[in-house]
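Colleague: Before we discuss this structure, could you put it in front of us and then take my questions in turn?

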Amino acid sequence: MILHLSKSLPETQIEALAITNQAVWYTNNEHTVFVLPSAVKEVPSSLEQYCTGSWAMADDIQLASKKYRKDIREVSWADTVIGGNTNATVVIAGPCSAESEEQLELSSALLQETGIRNLRAGAFKPRTSPYSFQGLGIEGLKMLDKMRSKYGFGIVTEVRDATNVEAIIEYADVIQIGAKSMYDHGILRRCGKARKPILLKRGFGATLQEFVQCAEFILSAGNEQVMLCERGIRTFETKTRFTLDLCGVAYLKEYTNLPVILDPSHAMGYAYGIPDLARACVAMGVDGLLVETHPNPKVAKSDAAQQLTHDVFKGMMQTLHPIANAVGRKLV
Ligand code: PEP
Ligand code: MN
């Protein structure tokens, strides 16, 4: 159950009430928000006198639920606004990994040419093998920072584990939590205390309930700027890398109040299918689209098979604008 309490309560009293009622709480500009287990269906008597609003919830998808907030949350950073009433489908693009300044310069030129405002590249890569490229680390973050200063892009980059979470919070405009880190509670809790938007990717073995509950860890720690990213789940299929769960996207749009971003690149795993999938993603009327593209995919140090050449990316972008318009959105 979610309760709004008047903000005038002193912190010591809030703490005591939270302990008595097994509540997770945070304070925003308007209220102190208490979240009790969803099994609680009525305002507890000890909280009645402070309560200015209450929502009984069916399960532990609480703060992220449309039952609590009907509208999609607005999330903003740099010169980007996503969700809310924007009707924007925000494109976030770039190579899988930051590899060199030259590579990022070429990626930046592509973004400039196609009117994209958000550059995405990983500096700390969560790889499936310890023997493959692990990312440039801080050096990569510095290169991304340089692109931000030079071109004014928003920078989206991922946190791999607790050893780099502080650096990512410092350098990123949007903190990406990757599929393999979705369950890392150290990361989730630290990002809950950060005051920067979070792009939370769905673990490839996670149900929608589990996925959104991970977002609840961030929201209930007081970070209200969370976006959900579907990037493919594991099924029995082996011909494609993962299976993009568009049914799940329909569910997230219907039942949650968080902006939804689709990532066809990691789902498909092969460049040939990605433009078609991206068109299907935009047709879903989602808030964001994340696509990997590399100046020379053949020599990419990670996810080489799935990164689009710049020419293919540009061709794809041209076809996406009318599709976005057809579903009442604008690609930005
Ligand atoms: C990535 O975005 O490059 C990445 C590693 O994605 P995921 O966490 O979805 O596997
Ligand atoms: Mn990748």
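Modeller: A contact here means heavy atoms within 4.5 Å, and please keep in mind throughout that this is a predicted model.

Colleague: With that cut-off, which residues does valine 24 touch, not counting residues up to four places away in sequence?

Modeller: Valine 24 belongs to strand β2, which covers residues 24-27. Once residues up to four places away in sequence are set aside, the contacts of valine 24 are Val33, Phe34, Val35 and Ser220.

Colleague: Is valine 24 buried, partly exposed or exposed?

Modeller: The class depends on relative accessible area, where buried means under 20% and exposed over 50%. The value for valine 24 is 42%, so this residue counts as partly exposed.

Colleague: What distance separates the C-alpha atoms of valine 24 and glycine 222?

Modeller: Along the chain, valine 24 and glycine 222 are 198 residues apart. In space, the separation of their C-alpha atoms is 9.8 Å.

Colleague: Turning to the whole chain, how does its radius of gyration compare with the globule rule for 332 residues?

Modeller: The chain is built with 11 helices and 15 strands. Its radius of gyration is close to the value that the globule rule gives for 332 residues, so the chain is as compact as a globular protein of that length; the computed radius and the rule both stand at 20 Å.

Colleague: Among contacts between residues at least 6 apart in sequence, what percentage joins residues at least 24 apart?

Modeller: As background, 54% of the 332 residues count as buried, and the C-alpha atoms fill a box of roughly 65 × 40 × 40 Å along the principal axes. For the contacts you ask about, between residues at least 6 apart, the share that joins residues at least 24 apart is 67%.

Colleague: How much of the accessible area that ligand 1 has on its own does the protein cover?

Modeller: The residues that surround ligand 1 include Cys96, Lys125, Lys180, Lys201, Arg231 and His266. Polar side-chain atoms lie at short listed distances from oxygen atoms of the ligand: 2.5 Å for arginine 120, 2.9 Å for glutamine 176 and 3.2 Å for glutamate 292. Of the 290 Å² that ligand 1 has on its own, the protein covers 97%.

Colleague: Glycine 178 is also among the residues around ligand 1; is glycine 178 buried or exposed?

Modeller: Glycine 178 sits in the loop between β10 and α6, and its C-alpha atom is 6.5 Å from that of glutamate 158, 20 residues apart along the chain. Since its relative accessibility is 4%, glycine 178 counts as buried.

Colleague: Which elements do the buried residues of α11 pack against?

Modeller: Helix α11 runs over residues 310-326 and reaches 25 Å from its first C-alpha to its last, close to the expected 24 Å. Its buried residues are His310, Phe313, Met316, Met317, Leu320 and Ala324. They pack against β7, α3, α10, β14 and β15.

Colleague: Which backbone oxygen does the side chain of arginine 329 reach?

Modeller: Just after α11, glycine 328 takes a positive phi of about 75 degrees, and arginine 329 lies in the loop between α11 and β15. Arginine 329 is buried, at a relative accessible area of 15%, and the residues it touches include Asn87, Thr89, Asp287 and Ala324. At 3.1 Å, its side chain reaches the backbone oxygen of alanine 88.

Conventions. Residues are numbered from 1 along each chain as its sequence is written. Chains are lettered from A and ligands numbered from 1 in the order in which they are written. This is a predicted model: local features need pLDDT of at least 70, side-chain atom pairs count only at pLDDT 80 or more; totals for chains, interfaces and linings use all residues. Side-chain values use heavy atoms; hydrogens and water are left out. Helices (H or I, at least four residues) and strands (E, at least two) are DSSP runs, numbered from the N terminus. The expected span of a helix is 1.5 Å times one less than its number of residues. Buried means under 20% relative accessible area, exposed over 50%, partly exposed in between (1.4 Å probe, protein chains only). A residue is near a molecule or strand if one of its heavy atoms lies within 4 Å of it. A polar contact is a pair of N or O atoms within 3.5 Å; within protein, one must be able to donate a hydrogen and the other to accept it, and residues adjacent in sequence count only if both atoms are side-chain atoms. Accessible areas come from the Shrake-Rupley method with a 1.4 Å probe; for residues, only the protein chains shown count as cover. The radius of gyration is taken over C-alpha atoms; the globule rule is 2.2 Å times the number of residues to the power 0.38.
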